[in-house]
Amino acid sequence: MWQCCYDMCIVRDIKHHISPNPLAFIIASMVGLVSGCFAFLLKRMIASVSGWLTAGMHAGEANYLLLLIPVCGIVLTGVFCRYVLHRDISHGVRQLMQGLKNKVYRLPLVQTVSPMIASTLTLGFGGSAGSEGPIACTGAAIGSNMARMFRMSPRMMMIMVGCGAGAGIAGIFKAPIGGALFTLEVLRMGLSTFSVLVLCVATLISALTAYSLSGFTLDIAYNQSMPFDASLLPYVVLLGVCCGFYSLYYSYIMKRVEQWLHAVKKQWVKNLMAGAGLAVMIFWFPALYGEGYDVIGGVINGHDGGLIADGPFADVADSVWYMIAVAAGIMALKCFAASATTSGGGVSGDFAPTLFAGCVTGYVFAMLLNVLFGLHLSVAMFAYFGMAGVMAGAIRAPLMAIFLTCEMAGAYSMLLPLTIASALSFGVVRLFTADSFFSIRIDRHNGVLTRRR
């Protein structure tokens with residue numbers, strides 16, 4: 001009790017000497033700093049577990065451990081959520097959006113670490129998704145508890161939740177503008193000019209913190225020195241349209257698999273079914289293992305060997321058509337693998353899978369045009385453009401897709417083609433549906449997908 005009274009006196013003294021607006025910037029800076037550290041830590045945890053589990057695998061032969069590891073990851077995550085947390089945290093961004101809609105700004109302190117542990121189990125064991133959903137929830141909880149510690153008003157607490165969520169995204173992708181746009185475009189938080197400035201401070205500090213802790217390196221460095229040629233614009237336009245139609249397929253499969261898995265009432269059975277399906281897909285296409293940033297980094301820099309590495313047929317890749325067939329298979333299955341991970345009991349995010357799928361889509365697009373029409377398109381460059389295209393269409397967040405893709409690879413000179421591919425992909429999707437990626441939810445009473453009004 002005495003400690004509580006002492007803490008209240010300190011907070012009251014701080015608020016007495018610092019006016020509300022400067023205090024908001026100070027707290028946002030603290031939120032950004034802590035969120036950036038947690039984002040770096042989560043990346044390290046996932047990489048350590050994944051590296052330990054796959055250390056004995058060999059390229060060019062069937063790795064039968066891949067039939068077991070993903071199943072263990074989904075089952076262990078389910079056990080952790082059911083028996084340790086006693087709550088479902090699998091769809092973190094969706095739950096965060098629902099909480100903000102219901103004006104739930106007081107998030108439990110345990111939420112700062114529980115999504116990170118669950119995500120490490122899921123992704124470290126091969127879950128084919130991303131870490132951005134869990135880190136957004138972690139950041140939101142950091143912001144909420146920081147605001148509560150300083151006895152901030154509900155309005156300021158809401159702002160700090162948004163700052164924390166955006167800072168988490170900024171830290172995990174090392175993309176400050178992308179993190180801010182996540183809060184504004186995906187969470188759709190109505191913020192004032194002052195609030196947006198506070199948000200930008202949090203995301204910038206988070207991204208710089210994660211960037212410095214990682215040795216000032218990017219997760220996906222785009223090292224192509226070739227400048228963009230304006231004569232390629234017609235092909236970029238065609239790629240954007242193709243990304244839009246693929247995004248429709250991607251979103252449809254994601255929702256349909258979620259519906260199928262939700263119909264399974266026994267959680268153990270659901271975990272085993274999703275894990276087994278995921279394991280089979282990863283066994284045949286090991287590129288689907290984990291977040292896939294190493295594969296993306298290779299493809300956009302002209303090294304496509306990661307698409308077939310560690311697979312049972314890696315040693316027979318002796319033709320262009322074989323590579324196209326493998327990449328097309330990965331394209332077709334990525335949405336199944338991602339949805340099995342996120343809806344089958346895993347705790348992960350939805351953004352990284354769209355970047356991976358977009359990279360492979362751009363790869364297949366350029367390879368097909370080169371082979372069929374004798375063109376000489378840069379496959380690496382169009383793979384990079386496809387990342388923004390599919391993310392914009394699938395997530396329905398074109399601005400975030402443009403800047404996040406641009407920032408995380410450090411290729412600011414490619415802003416124009418990234419914008420064109422994203423805008424056209426988003427436009428194609430909008431011709432067929434007005435839904436947000438997160439606007440369709442499972443009705444817990446009848447087990448069907450319904451639209452939120």
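What follows is a chat about a predicted model, covering its salt bridges, empty spaces, a surface patch and its cysteines.

Trainee: Let's start with charges. How many salt bridges does the structure hold?
Mentor: Four in total. Bear in mind that this is a predicted model.

Trainee: Which residues are linked in a network of salt bridges?
Mentor: That would be K43, K174, D219 and E291.

Trainee: OK, take D219 and K43. What's the N to O distance there?
Mentor: It's 4.0 Å between the side chains of D219 and K43. D219 sits in the loop between helix 9 (193-213) and helix 10, while K43 belongs to helix 2, so this salt bridge ties together parts 176 residues apart in sequence.

Trainee: And K43, buried or exposed?
Mentor: Buried, because its relative accessible area is 17%, and the cut-off for buried is under 20%. D219 has 31%, so it counts as partly exposed.

Trainee: Which other salt bridge does the side chain of K43 meet in?
Mentor: One with E291, at 3.6 Å from N to O. E291 is in the loop between helix 11 and helix 12, and K43 is in helix 2, so here the parts tied together are 248 residues apart in sequence. E291 is buried too, at 11% relative accessibility.

Trainee: Where does K174 come in?
Mentor: Its side chain meets that of D219 in a salt bridge, with 3.4 Å from N to O. K174 lies in the loop between helix 7 and helix 8 (176-186), and D219 in the loop between helix 9 and helix 10, so this pair joins parts 45 residues apart in sequence. K174 itself is buried, with a relative accessible area of 10%.

Trainee: Got it. Why can side chains of opposite charge pair at all?
Mentor: They can do that when their charged atoms come close.

Trainee: Switching to empty space. How much of it lies in the largest pocket?
Mentor: About 790 Å³. There are 33 residues in the lining, and the closest to the pocket's centre are A47, S50, G292, Y293 and D294.

Trainee: Which helices each supply at least two residues of that lining?
Mentor: Helix 2 (20-53), helix 7 (154-173) and helix 12 (293-299). The largest share, seven residues, is from helix 2. You've met helix 2 already, since K43 of the D219 pair lies there.

Trainee: What about closed spaces? How many cavities of 30 Å³ or more turn up?
Mentor: Two, from a search of the whole structure. The largest cavity has about 150 Å³ of space.

Trainee: What lines the largest cavity?
Mentor: 18 residues do, and H91, R94, T342, D350 and F437 are the closest to its centre. By element, helix 4 (92-101), helix 10 (233-262) and helix 13 (320-343) give two or more residues to that lining.

Trainee: Now the outside. Which residues make the nonpolar surface patch?
Mentor: Y83, V84, W268, V269 and M273, for a patch of about 500 Å².

Trainee: Where do they come from, in terms of helices?
Mentor: Helix 3 (69-85) and helix 11 (267-284) each supply at least two of the patch residues. Helix 11 has the largest share, with three residues.

Trainee: And Y83, which helix is that in?
Mentor: Helix 3. Y83 has a relative accessible area of 49%, so it's partly exposed. The cut-off for exposed is over 50%.

Trainee: Last topic, cysteines. How many disulfides does the count come to?
Mentor: Zero. Take C72: the nearest cysteine sulfur is that of C81, 16 Å away. A disulfide needs the two sulfur atoms within 2.5 Å, so C72 is in none.

Trainee: What's the nearest cysteine sulfur for C200?
Mentor: The one of C163, at 8.9 Å, and C200 is in no disulfide either.

Trainee: How do C72 and C200 come out on accessibility?
Mentor: C72 is partly exposed, at 29% relative accessibility. C200 counts as partly exposed as well, with 36%.

Key
Residues numbered from 1 in each chain as written. Predicted model: local features only at pLDDT ≥ 70, side-chain atom pairs only at ≥ 80, totals over all residues. Heavy atoms only, no water. Buried < 20%, exposed > 50% of the residue type's maximum accessible area, 1.4 Å probe, protein only. Patch = residues over 30% accessible without salt bridge, like charges linked within 9 Å, V, L, I, M, F, W, Y side chains within 5 Å. Areas by Shrake-Rupley, 256 points an atom, 1.4 Å probe, with all protein chains shown as cover. Helix = DSSP H or I, 4+ residues; strand = E, 2+ residues; numbered from the N terminus. 1 Å grid on protein atoms, 1.4 Å probe; cavity = no way out; pocket = protein on both sides within 12 Å on 5 of 7 lines; lining within 4 Å. Points joined across faces, edges and corners; volume = space filled by probe spheres on them.
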